[in-house]
Amino acid sequence: MRLLVTGGAGFIGSNFVHLTRKNRADTEITVLDAFTYAGNHASLAGLDRVRVIEGDIADAAVVDPLVAEADVVVHFAAESHNDNSLDDPSPFVRTNLIGTFTLLEAVRRHDVRYHHISTDEVYGDLELDDEQRFTENTAYNPSSPYSSTKAGSDLLVRAWVRSFGVRATLSNCSNNYGPRQHVEKFIPRQITTILDGGRPKLYGDGLNVRDWIHVDDHNEAVWTIIDRGEVGQTYLIGADGERSNLAVVRDILRHMGRAPDDFDHVTDRSGHDRRYAIDSTRLRTELGWTPRYPDFGSGLAATIDWYRANEPWWRPQKAAAEQRYAGQQIIASR
């Protein structure tokens, strides 16, 4: 199989490449990544038979020949930081909407199988005391420029399937954690802050709930959908990992030998969604997928160990992120 992975030097994409190289040794992998701050050459270090192309998914001259030689395109590339989207929405429109359009036109021209990676944030949020969870039939109700452009990209894919017969599947996943995640994100930022001797920061009351899944479980689910999913269908990926941000911070502090209240509250951000929760019944019953990390604590411990052992990977990012955030009270909750 000849595989094109967009955003393959980012967090989830690079872990997808590592997993593919480990489990599918005969796959020829090409990574297309713009190498913005979120892309990292070091995330692909040590991998053989992986061709890396630096380029913009919104540039048809770059995208078209790469799609033409692929059997499958897996589209991870996205602008994905909520706070950044509130500061400047324009890169989110270009990457998430124009970039997806460019890829869809290329896979349409060359009749290439396409899988689209999306997020549970397109559904908006749920009440904290609501027992409901997102399903494939939940109406879209995005809250931020980030989630609205991801919702728009999902709708483009659905339209290209229906109007042009593009062979595409979609997946909407809950919050990922694990190795190689940029330190701007919630869990690695707290881990690396503690490793540096600092105190984590928590938005508002910290009661916002996220549904956490280990990145390897996400990526194994993506392969399950590529192998066995029905073209034109959407599958929700989740591992029943609902936890409040407050609980996650205290979990991290406990695993790292710190007191459970050794953190600071900061002013909540605008439009901060209260709760996400994924119902992955369809993926499990129809396609037979199950998570390898159903216990958040064990996955979190392994993630902390990875950041302890890989300071050269995250150290340059940490300095740049903290410099940008100095005085702005910005922390990520995704």
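**Salt bridges**

I searched the whole of this predicted model for salt bridges and found 25 of them. I then went through some of the pairs one by one, noting for each where its two residues sit and how far each is covered.

I began with Glu 105 and Arg 108, whose side chains meet in a salt bridge at 3.0 Å, N to O. I placed both residues in helix α4 (residues 90-110), where they lie three residues apart, about one turn of the helix. I looked up the accessibility of each partner: Glu 105 counts as buried because its relative accessibility is 16%, under the 20% limit, whereas Arg 108, at 35%, counts as partly exposed.

Next I turned to Arg 275 and Glu 242, which form a salt bridge with an N to O distance of 2.9 Å. I noted that this pair links distant parts of the chain, with Arg 275 in the loop between β12 and α9 and Glu 242 in strand β11 (residues 242-244), 33 residues apart. Arg 275 is buried, at a relative accessible area of 4%, while I have Glu 242 down as partly exposed at 34%.

I then looked at Asp 279 and Arg 133, and read 3.9 Å, N to O, for the salt bridge between their side chains. I traced Asp 279 to the loop between β12 (264-266) and α9 (281-287), and Arg 133 to the loop between β5 (113-119) and α5 (145-164), so the pair ties together parts that are 146 residues apart in sequence. Asp 279 counts as buried at 18% relative accessibility, and Arg 133 counts as partly exposed at 29%. When I followed the connections of this pair, I found Arg 133, Asp 240, Asp 279 and Arg 284 linked in a network of salt bridges.

**The two domains**

I took the domain assignment of the chain next, which gives domain 1 as 2-176 + 213-237 and domain 2 as 183-210 + 241-278 + 295-327. Their centres, taken over C-alpha atoms, are separated by 24 Å. I recorded 30 residues from domain 1 and 22 residues from domain 2 in the contact. The two domains bury about 2,100 Å² between them, and 48% of that area is on carbon and sulfur atoms.

What, I asked, is the count of salt bridges between domain 1 and domain 2? The count is zero, although I did find ten residue pairs in polar contact across this interface, both residues of each pair being at pLDDT 80 or more. On the side of domain 1 that touches domain 2, I listed α3 (82-87) and β10 (234-237) as the elements that give two or more residues, and noted that α3 gives the most, with five. I sorted the residues of this side into eight nonpolar, 13 polar and nine charged.

**Ser 14**

I looked up Ser 14 and found it in helix α1 (residues 11-23). Ser 14 counts as buried, because its relative accessibility is 0%. I saw that the side chain of Ser 14 reaches the backbone oxygen of Phe 11 at 3.1 Å. Leaving out residues up to four places away in sequence, I listed as the residues that Ser 14 touches Gly 7, Gly 8, Ala 9, Ser 43, Leu 44 and Arg 180.

**Cys 173**

I placed Cys 173 in strand β6 (residues 168-173), and noted that Cys 173 counts as buried at 1% relative accessibility. I also checked its separation from Asp 26: the two residues are 147 apart in sequence and, from C-alpha to C-alpha, 27 Å apart in space.

**Helix α8**

Which residues of helix α8 (residues 245-255) are buried? I wrote down Asn 245, Leu 246, Val 248, Val 249, Asp 251, Ile 252 and Leu 253. I then looked for what these buried residues of α8 pack against, and found α6 (186-195), β8 (201-203), β9 (209-214), β11 and α10 (296-309). The strand β11 in this list is the one that holds Glu 242, the partner of Arg 275. Last, I looked past the end of the helix, where α8 is followed by Gly 257, a residue whose phi is positive, near 75°.

Notes:
Residues are numbered from 1 along each chain as its sequence is written. This is a predicted model: local features need pLDDT of at least 70, side-chain atom pairs count only at pLDDT 80 or more; totals for chains, interfaces and linings use all residues. Side-chain values use heavy atoms; hydrogens and water are left out. Domain bounds come from an automatic or database domain assignment. Contact means heavy atoms within 4.5 Å. Buried area is the accessible area (1.4 Å probe) that two parts lose on being put together, summed over both. A salt bridge is a side-chain nitrogen of Lys or Arg within 4 Å of a carboxyl oxygen of Asp or Glu. A polar contact is a pair of N or O atoms within 3.5 Å; within protein, one must be able to donate a hydrogen and the other to accept it, and residues adjacent in sequence count only if both atoms are side-chain atoms. Helices (H or I, at least four residues) and strands (E, at least two) are DSSP runs, numbered from the N terminus. Ala, Val, Leu, Ile, Met, Phe, Trp, Tyr, Cys and Pro count as nonpolar, Asp, Glu, Lys and Arg as charged, and the others, Gly among them, as polar. Buried means under 20% relative accessible area, exposed over 50%, partly exposed in between (1.4 Å probe, protein chains only).
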